[in-house]
Amino acid sequence: MHDDRNLIEQRIERVLRERLRPSVYPESIPAELEVWHAPDEPVPVSVGLAADYAPCQVGDWWGPPWGTSWFRVTSTVPQEWSGRIVEAVIDLGFDKGMTGFQCEGLAYEPDGSPIKGLNPRNTWVRVGSPSSGGERVELYVEAAANPVILGHRPFVPTELGDNRTAGTEPLYRVGGIHLAVFDEEVWQLVQDAEVLDQLMHQLGTDSPRRWEILRALGRALDAIDLQNVPATAKAARAELAGALTRPAHASAHRLSAVGHAHIDSAWLWPLRETVRKVARTTSNVTALMDEHPGFVFAMSQAQQLAWIKEHHPDVFARVKEKIEEGQFVPVGGMWVESDTNMPGAEAMARQFVHGKRFFLDEFGLETREVWLPDSFGYSAALPQLVTQSASGWFLTQKISWNQANKFPHHTFFWEGIDGTRVFTHFPPVDTYNSEFSGKELAHAAGNFAEKGKATRSLLPFGWGDGGGGPTREMLARAARLSNLEGSARVEIERPDEFFRKAHEEYPDAPVWVGELYLEFHRGTYTSQAKTKQGNRRSEHLLREAELWAATASVQLGHSYPYEQLDRIWKTVLLNQFHDILPGSSIAWVHREAEQSYAAIADELEQLITTAQQQLAGEGTEAIVFNAAPHARDGIEAGGAATVSMPDGSVRVDERDGGFVLDNGLLRTVIDRRGLLTSMLDLTMDREVLPPGAAANLLQLHQDLPNKWDAWDVDAFYRNTVTDLTEADEIAVSSTDSYHVSIRIVRSFSQSTVTQLLTLRAGARQVDIDTGVDWHESEKFLKLAFPVDLQTDRFASETQFGHVYRPTHGNTSWDAAKFECCAHRWVHLAEPGYGVALVNDSTYGHDVSRAAKSEGGVSTTVRASLLRAPRFPDPDTDHGVHRFRHALLAGAGVDDAVREGYRVNLPTRVVHGSRSVRPLVSVDNPAVVVESVKLAEDRSGDVVVRLYEAAGGRAGAQLTANFPVRGAVSTDLLERRWPDSAAYELTNSALSVHLRPFQIHTLRLTPE
């Protein structure tokens, strides 16, 4: 037989494009169109419906960036269409080459009832099924002129990301607006042909199945009258029936397909637009469920469902109905799909608390799947948090984006820092926006790493981020692929059904220990510094507000601000979304985040001040409040008292244009350049810095990654560096017997840095306060501290503990971690001696080794201060910033933990007349009290969350300084663990025993 494969394949492609797909709508008439342009921000539906509309034509421009236009579509169905399916086909000016990320619409009935969304690949609204002919059609479309930020030429700097700079020129032209006959037989033929054609192209040319499909498609094309496709569609489908009914191989991979629409809560659009995106998508999927009772859709992010409840109650009612019917499945158990690298310990716990509580309160559902497909790496604290939230499974696919190393598993147990293991799945399809293409299914089956051990994986399908979610075409493909020779088997089912089957099938899955580090998007630890600082500050202010409000409530009977704290927490959690906190959103998003953090700080400061004043009482004594979990300056952890001045003094001497600072514990030399050239630990008689090295060294790098500007730092940035060693000014800034501060001013390029280096009496650290007036582009600013330690690993604080990472690049896995995330501290040590660098708001760090001329190696830790990417925010981080660091000499991990809290939780002074006993006290510094609050059920119970911080086993006695009649351990949601015994109490004290990094939540019931 002659090889005519290419000829037939080209024929198939052209006939599909030019004849079959256009024939889905064989007859159409133009509809009448009118428009009203909302003058500013989106308006309520009632306003849009009642507006004064003006005539509009196809081809008219509409939509200044971020504007909203309301369209009224009217027409009359021709009588001759009686008995046929009729749809309105509405093209707002879509770019069909993009699935979302552009203009969108939501169609309404004249009474304001939402119908469905309109998206680039979902432009229809059913108006007659079937039509009786002669009906009057009237639809309203709320159209959003969202600009294309990430277009076909990606990562181009643009001013479109802020409504203040985006301009007013319209972006879109109205496409065709028609009433059209929908020919279902032709549509079904298109689905048949596309499924077979795509499958065929994934099979080898030596596969008999490929040739069988080719011949079937050829016969189908022969059966089609190209001038009258509808009349011959049925005959063409008959030619394909045999090829579509051949069953899949018994060993075919099994795909559990779950409808999904990944909607970033903010990214290339502001929060207010996400509210509308969610309404459009959920309107789409609930309408699709009416036609397809087997369709299942999973939606994460409680915040997004809360938005629907608040802004679109009609849509929310439909969602609740479909949840009750089992088709709409809430998943995730978190308030948003947050970043997991940077949120603090308690904030990470509250993501689960608020997310799961919303699902329980609104729907009576206990979600078990933690659903984080797109976050930029996953903290090793997560397995324990998943389990302590009464969840059982974890899903992501982002690790497939690794630059260097392919992750070895798709189904496995993930072991966290405390030893907790959670059953985890990475969909091998390597996308969360599948459309059931033949290429995707072949990749999922071939890529699956567990072949021979397991047989199934999960496939999320649907267009996200403004694409409208799953489509009827996707469901048609899924039906055809359920049992088709040459393909994986597809079954639409709930995520929990997949996880149950996968777990039962693979109980001895391999184990991955430690963090799931993403070898990509490392710049997100640094971009948008003010967003990160707002997050860190808000987390610690919330700790203080809850602690002092709970103390005032229990000790004095004052009211506890439940609603206010709940609202503030939800705002903080929202801003931890994985494109807000990482700094990868447009300028508008980060401007609003900064404003929300300022408002949060004002509220929390007022709550703290009010509670502390109540506790201190009236008077003139200076009462110092210590919210940290460790005693400080003679004040108990979580208590308040008067304090005396610290013992000791600090001496300062000038030397060669620089200064020598000495407090009897440390002697530090700051040279004329403002660099720290010596840090002598007098207690240990040990020099902290390597010979000839200088610390407090600011280093400036070029920073233009290959793509994903705000997200990525590529390893080659290290190839060029400028050491900022020239000082404009160095002088003593302030001094008394208890501290000395040296002020250093530097200028470079368009920016200025002002630093204060301070040595305090009795301190074993140098405090570094760095102010930067930053006006650079595509630069990366680091603050370097070389230390004379030989170590092959360093510890970085993470939620409820710390992780170790290599200081070397022995393997590709080690080398890929050239930039890492740490919370309040990084610790380096060799046997017998350690150094810690603590901070108040930075996250990105790198640690490296260097050979010393006299032998051995030294280690350098660098804090990442600022970046200046130009996409998606062209002015990222321009402005004034302040950072605080401290370099601790002779520090153990316990010192790093303590000082990390000290820097982030400064003491507060209130004038009053009485000291304050802490609500609870713990007698082992390795057991840290992370939060103290009142129970969310308003019972008056006190909830205390503890964790073991040193990485070893620890016992401690917890003493409540109020009468307690009962104590139990609970999950994160403050529910008593099943089958757990109540604690034995002795004088309101109890004993706890914790494994390394164990989180332990206690619920204390006052008498």
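**Notes on a predicted model**

1. Arg 917 is partly exposed, with a relative accessible area of 43%, and Glu 636, at 36%, is partly exposed as well. Everything said here about these residues, and about the others below, refers to a predicted model. Glu 636 and Arg 917 form a salt bridge, in which the closest N and O atoms are 3.1 Å apart. Glu 636 belongs to the loop between strand 23 (621-626) and strand 24 (639-641), while Arg 917 belongs to the loop between strand 45 (908-912) and strand 46 (920-922), so this pair ties together parts that lie 281 residues apart in sequence.

2. The structure holds 82 salt bridges, and a few of them deserve to be looked at one by one. Arg 84 and Glu 27 meet through their side chains, with an N to O distance of 2.7 Å. This pair links distant parts of the chain, 57 residues apart, since Arg 84 sits in the loop between strand 5 (68-76) and strand 6 (86-90) and Glu 27 in the loop between helix 1 (5-20) and strand 1 (28-30). Arg 84 counts as partly exposed at 28% relative accessibility, and Glu 27 also counts as partly exposed, at 32%.

3. A salt bridge at 2.7 Å, N to O, also joins the side chains of Glu 366 and Lys 356. Here the two residues are 10 apart, with Lys 356 in helix 9 (345-363) and Glu 366 in the loop that lies between helix 9 and strand 16 (369-371). Is Lys 356 buried or exposed? Lys 356 is buried, with a relative accessible area of 1%, whereas Glu 366 is partly exposed, with 34%.

4. Salt bridges can also join into a network, and one such network links Glu 41, Glu 104, Glu 142, Arg 272, Glu 273, Arg 276, Lys 277 and Arg 280. A student who wishes to follow this network in the structure could begin from Glu 104, because strand 7, which spans residues 104-108, is described in the next point.

5. In one open sheet, 6 strands follow the order 3-2-5-10-7-8, and their pairing is antiparallel. The edges of the sheet are strand 3 (54-55) and strand 8, each of which pairs on one side only. Strand 7 (residues 104-108) and strand 8 (residues 114-118) run antiparallel and are joined by 4 bridges. Gly 105 stands opposite Leu 118 of strand 8, and Leu 106 stands opposite Gly 117 of strand 8. As background, strands of a sheet pair through backbone hydrogen bonds, either parallel or antiparallel. Strand 7 and strand 8 make a hairpin with 5 residues between the strands, and in this hairpin Gly 112 takes a positive phi near 90 degrees.

6. Helix 14 (residues 529-556) has 28 residues and reaches 40 Å from its first C-alpha to its last, which is close to the 40 Å expected at 1.5 Å a residue. How many of the 28 residues of helix 14 are buried? The count is 23, and helix 14 is therefore described as mostly covered, buried here meaning under 20% relative accessible area. After helix 14 comes Gly 557, whose phi is positive, near 80 degrees.

7. Helix 14 matters again when the cavities are considered, of which there are 8 with a volume of 30 Å³ or more. The largest cavity has a volume of about 210 Å³. It is lined by 22 residues, and the closest to its centre are Gly 344, Ala 345, His 540, Arg 824 and Glu 930. At least two residues of this lining come from each of helix 9, helix 14, strand 37 (793-798) and strand 47 (927-934), and helix 14 gives the most, with 6 residues.

8. A search of the whole structure for disulfides finds 0. Why do Cys 820 and Cys 821 not form a bond? The closest cysteine sulfur to that of Cys 820 is the one in Cys 821, at 8.6 Å, which is too far for a bond, because a disulfide needs two cysteine sulfur atoms within 2.5 Å. Cys 820 is buried, with a relative accessible area of 2%, and Cys 821 likewise counts as buried, at 5%.

Conventions. Residues numbered from 1 in each chain as written. Predicted model: local features only at pLDDT ≥ 70, side-chain atom pairs only at ≥ 80, totals over all residues. Heavy atoms only, no water. Pairing = 2+ DSSP bridges. Expected span 1.5 Å × (residues − 1). Buried < 20%, exposed > 50% of the residue type's maximum accessible area, 1.4 Å probe, protein only. Salt bridge = Lys/Arg side-chain N within 4 Å of Asp/Glu carboxyl O. 1 Å grid on protein atoms, 1.4 Å probe; cavity = no way out; pocket = protein on both sides within 12 Å on 5 of 7 lines; lining within 4 Å. Points joined across faces, edges and corners; volume = space filled by probe spheres on them.
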